[in-house]
Amino acid sequence: MVTKIRSFKRTGVFEFFFVRLTAVFQALYFLVISFYCFQVDPINFENLSALFTHNFIKVWTFLVLVSISYHAMTGMLNIAHDYLTFRLLGNYATFLKSIFLIICWAQVIGSISVGVILLVN
């Protein structure tokens, strides 16, 4: 089992650990931003924009957006494969699954595009 994790193939074990890793990454980001908000007395636009002028925070924000997108898309793929089946939906299953996944991928592309725009500016 350990060799499957180390080979970085798309196995269930890899997905399980990588989703947990992205959740920890997102939680750390949330804690840092929350700590900053508790430390700064007036939370206003100037203070928050001063925080996000640092390149480290910009890159970290982009990585968190990619992490959220991966985390969400993995969950949506699991939902699509488990619940949008021929047995439950009949002949419409393939069509509905395709539409559902197109919408999910559009969200991922949009989220990463916003991250790239934030990273560049």
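In which helix is A93 found? The answer is helix α6, and the model in which A93 is placed is a predicted one.

**A93 and its surroundings**

A93 counts as buried because its relative accessible area is 5%, under the 20% cut-off. Leaving aside residues up to four places away in sequence, the contacts of A93 are L84, T85 and F86. Residue F18 stands 75 residues from A93 along the chain, and the C-alpha atoms of A93 and F18 are separated by 29 Å.

**Further along helix α6**

L101 also has its place in helix α6. With a relative accessible area of 17%, L101 falls under 20% and is therefore buried. Residues up to four places away in sequence apart, L101 touches M73, L77 and A80. One of these partners, M73, lies 28 residues from L101 in sequence, and the C-alpha to C-alpha distance between L101 and M73 is 8.9 Å.

I103, which is likewise located in helix α6, shows the opposite exposure. At 57% relative accessibility, I103 exceeds the 50% limit and so counts as exposed.

S111 is another residue of helix α6. Its relative accessible area of 13% is under 20%, so S111 is classed as buried. The side chain of S111 is joined to that of S69 by a polar contact of 3.2 Å. With residues up to four places away in sequence not counted, S111 touches both L65 and S69.

**Residues of helix α4**

Helix α4 contains T61. T61 is buried, because a relative accessible area of 13% lies under the 20% threshold. A polar atom of the T61 side chain is 2.7 Å from the backbone oxygen of I57. Not counting residues up to four places away in sequence, T61 is in contact with Y29 and F52.

N78 lies in helix α4 as well. Its relative accessibility of 45% is between the limits of 20% and 50%, so N78 counts as partly exposed. N78 and L21 are 57 residues apart along the chain, with 18 Å between their C-alpha atoms.

The two long-range C-alpha separations and the one between L101 and M73 are collected below.

| Residue pair | Separation in sequence | C-alpha to C-alpha distance |
|---|---|---|
| A93 and F18 | 75 residues | 29 Å |
| N78 and L21 | 57 residues | 18 Å |
| L101 and M73 | 28 residues | 8.9 Å |

**The nonpolar surface patch**

Which residues form a nonpolar patch on the surface? The patch consists of I79, Y83, L88, L89, Y92, F95, L96, I99, I102 and I103, and together these residues have about 1000 Å² of accessible area. Two or more residues of the patch come from each of α4 (55-83), α5 (86-89) and α6 (93-120). Helix α6 makes the greatest contribution, with five residues. One patch member is I103, whose exposed state was described above.

**Cysteines**

How many disulfides does the structure hold? The number is zero. In general terms, a disulfide is a covalent bond between the sulfur atoms of two cysteines. C37 has a relative accessibility of 23%, which lies between 20% and 50%, so C37 is partly exposed. C104, by contrast, is buried because its relative accessible area of 8% is under 20%.

Terms used: Residues numbered from 1 in each chain as written. Predicted model: local features only at pLDDT ≥ 70, side-chain atom pairs only at ≥ 80, totals over all residues. Heavy atoms only, no water. Patch = residues over 30% accessible without salt bridge, like charges linked within 9 Å, V, L, I, M, F, W, Y side chains within 5 Å. Areas by Shrake-Rupley, 256 points an atom, 1.4 Å probe, with all protein chains shown as cover. Salt bridge = Lys/Arg side-chain N within 4 Å of Asp/Glu carboxyl O. Helix = DSSP H or I, 4+ residues; strand = E, 2+ residues; numbered from the N terminus. Buried < 20%, exposed > 50% of the residue type's maximum accessible area, 1.4 Å probe, protein only. Polar contact = N/O pair within 3.5 Å; in protein donor to acceptor, adjacent residues only side chain to side chain. Contact = heavy atoms within 4.5 Å. Disulfide = S-S within 2.5 Å.
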